[in-house]
Number of protein chains: 2
Amino acid sequence: MERIKGGVTAAKGFQAAAAAAHIKYADRTDMAMIYSEKPCKTAGTFTSNIVKAAPVTWDRAVVESGVKSQAVIVNSGIANACTGAEGGRICQETAGKAAEVLGIDEAGVLIGSTGVIGMQIPMERVKAGIEKLAADLGGDLEHGSRAAKAIMTTDTREKEAAVQIEIGGKTVTIGGMAKGSGMIHPNMCTMLAFITTDAVISKKALKKALSRDVEDTYNMISVDGDTSTNDTLLLLANGMAKNEKIRCNTPEYDRFAEALHVVNETLAKKIAGDGEGATALFEAKVTGASTKEQAKVLAKSIVCSNLTKAAVAGHDANWGRILCAMGYSGAEFDPEKADLYLESRAGKIQLVRDGSAVAYSEEKATQILSEPEVTAIADIKEGTEQASAWGCDLTHGYIDINADYRS
Amino acid sequence: MERIKGGVTAAKGFQAAAAAAHIKYADRTDMAMIYSEKPCKTAGTFTSNIVKAAPVTWDRAVVESGVKSQAVIVNSGIANACTGAEGGRICQETAGKAAEVLGIDEAGVLIGSTGVIGMQIPMERVKAGIEKLAADLGGDLEHGSRAAKAIMTTDTREKEAAVQIEIGGKTVTIGGMAKGSGMIHPNMCTMLAFITTDAVISKKALKKALSRDVEDTYNMISVDGDTSTNDTLLLLANGMAKNEKIRCNTPEYDRFAEALHVVNETLAKKIAGDGEGATALFEAKVTGASTKEQAKVLAKSIVCSNLTKAAVAGHDANWGRILCAMGYSGAEFDPEKADLYLESRAGKIQLVRDGSAVAYSEEKATQILSEPEVTAIADIKEGTEQASAWGCDLTHGYIDINADYRS
């Protein structure tokens, strides 16, 4: 497997575009399009929130219908959530307009929206935006990056990832883009992430690879504990790599799944590290667990704790908060056996042995915590399973962004 | 029932004291004592966190032993959590010293600690503090207030409440004190709260009244979603009101329980409103629910949402975040039927009808949200049950306090 540059246009036959449609933002691109030269098998996972945005309902129906999809239309600024019947009509009209402009089947148009909840999307601007998008389409990496930029809300940087593997002598590429960066606590998948691949793969294998990997990637990140109304992850496969078809329970499937995992984990970590107001990516790794589930519950509880996140922001090795967060996670473990470590590019130190403090240098701890990527490791010394979760620090920036987000 | 001034010394026969023992703070009182002239029947509820502070383990053993208790020794600054066997020895020595100085049974000394996790308490300072406390004891309201002040950590004001009822011609008093104000997301009871009463009451009735009421009061508040290692709620009854004994399933029990509820709810709301960095008490009231449990889950999800709390801080009527938080709460409801209102001393307005926005004045909404006590009301129009939860806004102050709490 090789990591390569690019995002949704890295795989063969995929094009992307960005446009300024002025849906809510005045001075930036706010619509993106992904277009595949050939119709795609599609898998998707969506928010578990009972309050589902209209595009979530739309996309789920498309994915479940089994119709091949050929385009994704995304807007930032307005989420099209809590918009009643009008929200559904907007999806219908968006798909219709895209189908008309691109000359494709309306039933295969997917939609993503992100932004403020409760406002209606101005349809005329979307229609004009779709025309601009169609005119802007291109298959190079730059077009992929521009699309990744257009779907941002409070994100500070675009998020892309791509890898290549060989399947039976053919090069298969998987690339993707995602956006955060608040209301991030996915429970099925993340806010918005779009993955494209040119692999030839059975629909069953595509769906299996995606739904399994979500559990270890997007579902293991949290920015603020708020599970969004719009969480959507789509994986489109257009088969243009011409490899022998990948089927479940084969070595080729395993390699495809592993490559997909790298793209998903990279995007998930980029979302966590660019959480609203974040200055650091904060990873919690729990080792020595009896079961993977136990390790996951403990790791996620650590990265979700406001107190732990504020301590990371302050570069303060306040390890009691980490143990406390593990304690209320709901997972059983023996705190009297737990060891804790901090690690980053600046080094690694042990803070706790068997549940109590060991002597360590506060200065060194602060150095470690001052890096842009920080890991807390909890070894509960019960078994051999482990898991990681990713979050970010909690800073003044988060408050600034969210105390007045709508204005 | 009459609300009266005072706290733990409001009921007959209870004395309190405060002292500066310099356990961690240099320039303030940091130890408190509650002393009853007569031994007390005692009920208690404690943190559900697996990581339990030494005093929690100690108090639970005292309460479960059935021994009557006569004194509570509390320190602020160090939590005596994650302190291993040494933490238990400190409880033993604290109880021993208090018993010696007060001339009471060591087995009836209760202990509370709050502050930094993982540090050991300097025992010599505690011993000197207990001597000062014993010398300072007094039964007036001022002594109660001084004790309430001494147990504060990041709290900005002391928290007391007291009420009186008549039972068979005798005046029965219930009073209490509590402290917050971070790591507040009680799951059995709150950080530290101590309630005293002179009621004559059966141990069974005392326990029942406390454990039921906890569910509707302390367990319905959240400052930051972090369930502490030290949560402790104790209720001491010394019987000095000389009323006929209160037993379960009697009108007298109901009146006692109702009075206890007022004290508990008052203290719980004071903890929420004085959450770290808070500028407002934020209440979420869910009405029209099918079951009380459903209403509670929805209400608590609203006050726990970082995004909702940041919107309250910004006086921004970002109602989509409220519906979103209800949607991921885990409780079922139909978002398309929900109505939302905002209410405070400045008035009441409707924001949402049947899941979609109604026209409302943003200026009026901001006025309502600028008050020190703000209520969001969600009517899900299914039934007749309702519940409230209490939290606070999320501000820069929370970050300031928690990014560098230990220094």
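This is a short tour of a predicted model, beginning with its two chains and ending at a domain boundary in chain A.

**Stop one: the two chains.** Colour chain A and chain B separately. A rotation of 180 degrees, with 0.0 Å of shift along its axis, lays chain B on chain A at an RMSD of 0.0 Å. That is how a two-fold axis relates two copies. To find the axis from chain B, select B:His396: its C-alpha is the nearest to the axis in that chain, at 2.8 Å. The two copies use the same surface, as 100% of the contact residues of chain B recur in chain A.

**Stop two: the domains of chain A.** Now hide chain B and select residues 2–272 of chain A for domain 1, then 281–403 for domain 2. Their C-alpha centres are 32 Å apart. Where they touch, domain 1 of chain A contributes 15 residues and domain 2 of chain A contributes 14 residues. Together the two domains bury about 1300 Å², with 60% of that on carbon and sulfur atoms.

**Stop three: across the boundary.** Show side chains here. How many salt bridges cross the interface of the two domains of chain A? There is 1. Next, select A:Lys296 and A:Asp216, whose side chains form a salt bridge at 3.1 Å, N to O. Between the two domains, 7 residue pairs are in polar contact.

**Stop four: the domain 1 side.** Select helix 5 (203–216) and helix 6 (251–273) of chain A; each supplies at least two residues of the side that touches domain 2. Helix 6 of chain A gives the most, with 3 residues. Coloured by type, this side of domain 1 shows 5 nonpolar, 5 polar and 5 charged residues.

Conventions: Residues are numbered from 1 along each chain as its sequence is written. Chains are lettered from A and ligands numbered from 1 in the order in which they are written. This is a predicted model: local features need pLDDT of at least 70, side-chain atom pairs count only at pLDDT 80 or more; totals for chains, interfaces and linings use all residues. Side-chain values use heavy atoms; hydrogens and water are left out. Copies are superposed by least squares on the C-alpha atoms of residues with pLDDT of at least 70 in both. Contact means heavy atoms within 4.5 Å. Domain bounds come from an automatic or database domain assignment. Buried area is the accessible area (1.4 Å probe) that two parts lose on being put together, summed over both. A salt bridge is a side-chain nitrogen of Lys or Arg within 4 Å of a carboxyl oxygen of Asp or Glu. A polar contact is a pair of N or O atoms within 3.5 Å; within protein, one must be able to donate a hydrogen and the other to accept it, and residues adjacent in sequence count only if both atoms are side-chain atoms. Helices (H or I, at least four residues) and strands (E, at least two) are DSSP runs, numbered from the N terminus. Ala, Val, Leu, Ile, Met, Phe, Trp, Tyr, Cys and Pro count as nonpolar, Asp, Glu, Lys and Arg as charged, and the others, Gly among them, as polar.
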